[in-house]
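Work through the following exercises with the sequence and the model open beside you. Each task is followed by a solution that goes step by step.

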Amino acid sequence: MSLHVVIGFGPAGAATARLLADQGHEVRVVTRSGRSPEPGIEHIALDATDSTRLTEVVRGAAAVYSCAAPPYHRWASDWPPLASSLCAAAEAGGAVLVMLGNLYGYGPVDGPLTERLPLAATGTKGRVRAALWEQARSLHEQGRIRAVELRASDFFGPGVTDGGHLAVRVMPRLLRGRPVSVLGDPNAAHSWSYLPDVARALAELAGAEQAWGRAWHVPTEPARSAREMVDQLAAEAGTGPVAVRGLPSAVLGLAALFSPLLRELKEVRYQFEAPFVIDASAYQAAFAVRATPLDAQVTATVAWWRARLAAPRRTTG
């Protein structure tokens, strides 16, 4: 088995690192603060924008996974140096650069999203995401690095917390049978990418030479509205039907005054106001990973949240 380096240990980075360790690989995780070791995973405290030190950590790796992300409101300033450092480390060490991306770069689109669409976003975050891939693809085409990008829709599943639209703002209330509020139109069809499937697809692309040099969409179950998802989660939880409300624009605007995340979400609100559907048929035609059936996703998510909320709270002092 080989060395794999994962940058970032948020939900996607953690899921990917643990999957790779379970597969028998040697795994290093790079974060600013580091963490205590865990079975099969070495945690390293490092600012990944330090390309010299990152190159040392990546040396000898088969692949380096870009799973970190700066705070939403600092994408324009913080992403470029991080991406440049990752590209430099991949070039120096020969590791495949596996980038975890999203769908922002396309901008508003009528119809299903495919990888053939142009990266035509005009908003700040969409242009940042597009530029990250354009930089890596250019270096790949020059023969300087080997790069691939996996694009996911909104994360769903065990391990997804603050950043998930069906996570911390929904699950605690749903498990108590309380009404929940969601961004945009609760009846609009929406694609939800199951986090374990994201990790499995990242690991698969890292070793698939035919995948390199282009972007792929993560295998994702057919689109379902937020209301349909909440209904399934509530049925699994046994809490009965739960009311689902869309956040009115006025309420969102007021909340955004106090929440940097909600302020930044205004740019991509279009994704929740109309159907937002991912087409992953290209991936499914070429590779083995398939989306986990929705019933299994829902069962695992409810069980994970129940365990999380039942766990004793940590105290400091």
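## Exercise 1: two neighbouring loop residues

Ile278 is buried, with a relative accessible area of 10%, where buried means under 20% relative accessible area, exposed over 50% and partly exposed in between (1.4 Å probe, protein chains only). The model is a predicted one, in which local features need pLDDT of at least 70, side-chain atom pairs count only at pLDDT 80 or more, and totals for chains, interfaces and linings use all residues. Residues are numbered from 1 along each chain as its sequence is written, and side-chain values use heavy atoms, with hydrogens and water left out.

**Task.** Place Ile278 in the fold and list what Ile278 is in contact with, leaving aside its neighbours within four places in sequence; then do likewise for Val277.

**Solution.** Begin with location: Ile278 sits in the loop between α10 and α11, and Val277 lies in the loop between α10 (270-273) and α11 (281-286). Here helices (H or I, at least four residues) and strands (E, at least two) are DSSP runs, numbered from the N terminus.

Next come the contacts, meaning heavy atoms within 4.5 Å. With neighbours within four places in sequence set aside, Ile278 is in contact with Leu103, Leu113, Arg151, Ser153, Ser191, His217, Val218 and Thr220. On the same terms, Val277 is in contact with Pro112, Leu113, Ala189, Ser191 and Ala223.

Then consider exposure: Val277 is partly exposed, because its relative accessible area is 24%. Finally, turn to C-alpha distances: Val277 and Asp110 are 167 residues apart in sequence and 9.6 Å apart in space, while Ile278 and Ala69, 209 residues apart along the chain, are separated by 22 Å.

## Exercise 2: α2 against α3

**Task.** State the angle and the distance between the axes of α2 and α3, and name the residues that make the contact.

**Solution.** Two packed helices are described by the angle between their axes and the distance between the axes. Axes are lines fitted to C-alpha atoms, for helices over the stretch in contact, and angles run from 0 to 180 degrees between N-to-C directions.

Helix α2 (residues 51-58) packs on helix α3 (residues 75-93) at an angle of about 45°, and their axes are 9 Å apart. That angle makes α2 oblique to α3, since angles under 35 degrees count as roughly parallel, over 145 as roughly antiparallel, 65 to 115 as roughly perpendicular and the rest as oblique.

The crossing of these two helices, α2 and α3, is right-handed; a crossing is right-handed if the near helix is turned clockwise from the far one by less than a right angle, and left-handed if anticlockwise. On the α2 side the contact is made by Ser51, Leu54, Thr55 and Val58, and on the α3 side by Ser85, Leu86, Ala88, Ala89 and Ala92.

Sorted by class, the contact of α2 with α3 has 6 nonpolar, 3 polar and no charged residues; Ala, Val, Leu, Ile, Met, Phe, Trp, Tyr, Cys and Pro count as nonpolar, Asp, Glu, Lys and Arg as charged, and the others, Gly among them, as polar.

## Exercise 3: α3 against α4

**Task.** Which orientation do α3 and α4 have relative to each other?

**Solution.** The axes of α3 and helix α4 (residues 124-141) come within 10 Å and cross at roughly 15°. The two helices, α3 and α4, are therefore roughly parallel to each other, and their crossing is right-handed.

From α3 the contact draws on Trp75, Ala76, Trp79, Ala83, Ser84 and Cys87, and from α4 on Thr124, Lys125, Val128, Arg129, Leu132, Gln135, Ala136 and Leu139. The residues of this contact of α3 with α4 divide into 9 nonpolar, 3 polar and 2 charged.

## Exercise 4: the nonpolar cores

**Task.** Which helix gives the most residues to the largest nonpolar core?

**Solution.** A nonpolar core is a set of buried Ala, Val, Leu, Ile, Met, Phe, Trp, Tyr and Cys residues joined through side-chain atoms within 4.5 Å. The largest has 60 residues, of which Tyr65, Leu150 and Leu174 touch the most other members. Helix α6 (residues 195-206) gives the most to this core, with 8 residues. Apart from this core lies another, of 44 residues, among them Leu54, Ala89, Ala90 and Ile145.

Within helix α6 lies Val198, which is buried at a relative accessible area of 1%. Not counting residues up to four places away in sequence, Val198 touches Leu100, Leu150, Ala152, Phe155, Ser193 and Val218.
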